[in-house]
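Please look over the model shown here, with attention to its pocket and its nonpolar core.

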Amino acid sequence: MNTKQLYHDWNADYYYNVVHTAQGGKASDCIKCGKCEKACPQHLHIRELLVDVAKEFEKIR
């Protein structure tokens with residue numbers, strides 16, 4: 001997502017769909033349990049960020 005937003009990299013869609021999620025595990029699969037946010041050393045709001053990723057790469061509205 002950073003690469004697409006910061007650098008407008010057209011390859012970002014390819015990498016999301018073919019490389020990063022090839023074995024499963026798309027952003028929309030998140031069950032919003034919050035475990036990732038508790039473990040995140042940067043205190044990111046990962047659940048919210050994954051919604052944005054799904055909208056951008058999976059064309060979910």
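The briefing below takes the pocket, the core and one loop residue in turn.

This is a predicted model, in which local features need pLDDT of at least 70 and side-chain atom pairs count only at pLDDT 80 or more, while totals for chains, interfaces and linings use all residues. Residues are numbered from 1 along each chain as its sequence is written, and side-chain values use heavy atoms, with hydrogens and water left out.

**Pocket**
- The largest pocket (an open set of points on a 1 Å grid over the protein atoms alone, with protein on both sides within 12 Å along at least five of seven lines) holds about 310 Å³ of space.
- Its lining, meaning residues with an atom within 4 Å of a point, comprises 16 residues, of which M1, Y16, H20, V53 and F57 are the closest to the centre.
- At least two lining residues come from each of α1 (2-7), α2 (11-20) and α4 (46-57), helices being DSSP runs of H or I with at least four residues, and α4 gives the most, with 5 residues.

**Nonpolar core**
- The largest nonpolar core (buried residues joined through side-chain atoms within 4.5 Å) consists of 6 residues, A12, Y16, A27, V53, A54 and F57.
- Two or more residues of this core come from each of α2 and α4, and α4 gives the most, with 3 residues.

**Y16 and T21**
- Beyond residues up to four places away in sequence, Y16 is in contact (heavy atoms within 4.5 Å) with T21, K26, A27, V53, F57 and E58.
- T21, in the loop between α2 and α3 (35-39), counts as buried (under 20% relative accessible area, 1.4 Å probe, protein chains only) because its relative accessible area is 8%.
- Leaving aside neighbours within four places in sequence, T21 touches Y16 and K26.

Technical notes
1 Å grid on protein atoms, 1.4 Å probe; cavity = no way out; pocket = protein on both sides within 12 Å on 5 of 7 lines; lining within 4 Å. Points joined across faces, edges and corners; volume = space filled by probe spheres on them. Buried < 20%, exposed > 50% of the residue type's maximum accessible area, 1.4 Å probe, protein only.
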